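Me: Please take a close look at one residue in a strand and at the strands around it. I am new to this structure, so spell out each term once.

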Amino acid sequence: MSKLDQVLVLEPPSDLKFKGPFTDVVTTNLKLKNPSERRVCFKVKTTAPRRYCVRPNSGIIEAGAAVNISVMLQPFDYDPNEKSKHKFMVQTIFAPPNVSDMDSMWGDAKPGDLMDSKLRCIFELPSENDKMNDADLSKSAPVMNSAKADLPSAAAAAAAAAAPTPAVLASASASSLDDNEMKKLLEKCKRLQSEMGKMAEENRHLKDDGARMRKMARSDHVSASSAASLPSLLVVIAAIFIGFFLGKFIL
């Protein structure tokens, strides 16, 4: 009895490529499509189960549906002279009408009902151009993060010190702030401008009140001085009259 052809469509169809460096987990994706009108059970096997983590590694694909599988290669010491012998196999079978125990179903499956596809693993190191691009990105990332971190504090300091207009603030921050943050900053600027206007008006009223109080103080001082000099003047006049009459009697 001839073996059934694989009903699923695999992407990629034959090779799983893992791109180094391999000092950390490297993940590649495998997509399984079911173009048939029946449900299909699948499971993924590998010749090196301790080196890979596969999620999901089994399941059921509905008719016309697809499943994305993540294949994660664990870190290891890569030797470019050593060829990879790791392989994967996607095994499938048409799902029975009622599937309750997947393990029993696979155990009871007849060899003639099974379908499979094999994939080999390919390890690739990044090219020199990729390394240069990664280095440029790593260098530019701290600068960009620093600029983004400094922008809100600079905008807040400028708003507190000089109360910038909404148009100036919008031109300075539009490159890095989203619309919601921009609206919030504009509203804060408007409130600051309104409060500064109120404070200027209150300051003007205080100056006017101070001027009126100084005028009243000066007028009270003049009145007090006049009232204080009047008795002295009366005493002088009385002394003059007394002297005049005494002079007459003596003469």
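Reply: Lys45 is partly exposed, with a relative accessible area of 36%. On this scale, buried means under 20% relative accessible area, exposed means over 50%, and partly exposed is in between, using a 1.4 Å probe and protein chains only. The structure is a predicted model, in which local features need pLDDT of at least 70 and side-chain atom pairs count only at pLDDT 80 or more, while totals for chains, interfaces and linings use all residues. Residues are numbered from 1 along each chain as its sequence is written, and side-chain values use heavy atoms, without hydrogens and water.

Lys45 belongs to strand β4. Strands (E, at least two residues) and helices (H or I, at least four) are DSSP runs, numbered from the N terminus. Setting aside neighbours within four places in sequence, Lys45 is in contact with Lys87, Phe88, Met89 and Gln91, where contact means heavy atoms within 4.5 Å. With Gln91, the side chain of Lys45 also makes a polar contact of 3.4 Å. A polar contact is a pair of N or O atoms within 3.5 Å; within protein, one must be able to donate a hydrogen and the other to accept it, and residues adjacent in sequence count only if both atoms are side-chain atoms. Lys118 is 73 residues from Lys45 along the chain, with 9.4 Å between their C-alpha atoms.

The strand beside β4 comes next. β4 pairs with β8 in the antiparallel sense, over seven bridges; two strands pair if DSSP finds at least two bridges between them. Val44 has Val90 as its bridge partner in β8. Strand β8 covers residues 87–94, and six of its eight residues are buried, so this strand is largely enclosed by the rest of the structure. β8 also pairs with β9, again in the antiparallel sense, over six bridges. Val90 appears here too, with Ser117 as its bridge partner in β9. In a regular strand, side chains alternate between the two faces of the sheet.

β9 leads on to the salt bridges, of which a search of the whole structure finds four. A salt bridge is a side-chain nitrogen of Lys or Arg within 4 Å of a carboxyl oxygen of Asp or Glu. Side chains of opposite charge can pair when their charged atoms come close. One of the four joins Lys3 and Asp116, at 2.2 Å from N to O. Lys3 lies in the segment before β1 (9–11) and Asp116 in strand β9 (residues 115–124), so the pair ties together parts that are 113 residues apart in sequence. Another salt bridge is formed by the side chains of Asp15 and Arg120, at 2.9 Å from N to O. Asp15 is in strand β2 (residues 15–19) and Arg120 in strand β9, so this pair links parts of the chain 105 residues apart. Arg120 is partly exposed, at 48% relative accessibility.

A further salt bridge joins Lys33 to Glu11, whose closest N and O atoms are 2.9 Å apart. Here strand β3 supplies Lys33 and strand β1 supplies Glu11, 22 residues apart. Both ends are partly exposed: Lys33 has 31% relative accessibility, and Glu11 has 36%.

Just before β4 in the sequence, Ser36 sits in the loop between β3 (26–33) and β4 (40–46). Ser36 is buried, with a relative accessible area of 17%. Not counting residues up to four places away in sequence, Ser36 touches Val7, Ala63, Gly64 and Phe94. Of these, Val7 is 29 residues away in sequence, at a C-alpha to C-alpha distance of 7.1 Å. The side chain of Ser36 also makes a polar contact of 2.6 Å with that of Asn34.

For the setting as a whole, the protein chain has four helices and nine strands. Read along the sequence, their pattern is β-β-β-β-β-β-β-β-α-β-α-α-α. Of the 251 residues in the protein chain, 23% are buried. Among contacts with a separation of 6 or more, 69% are between residues 24 or more positions apart.
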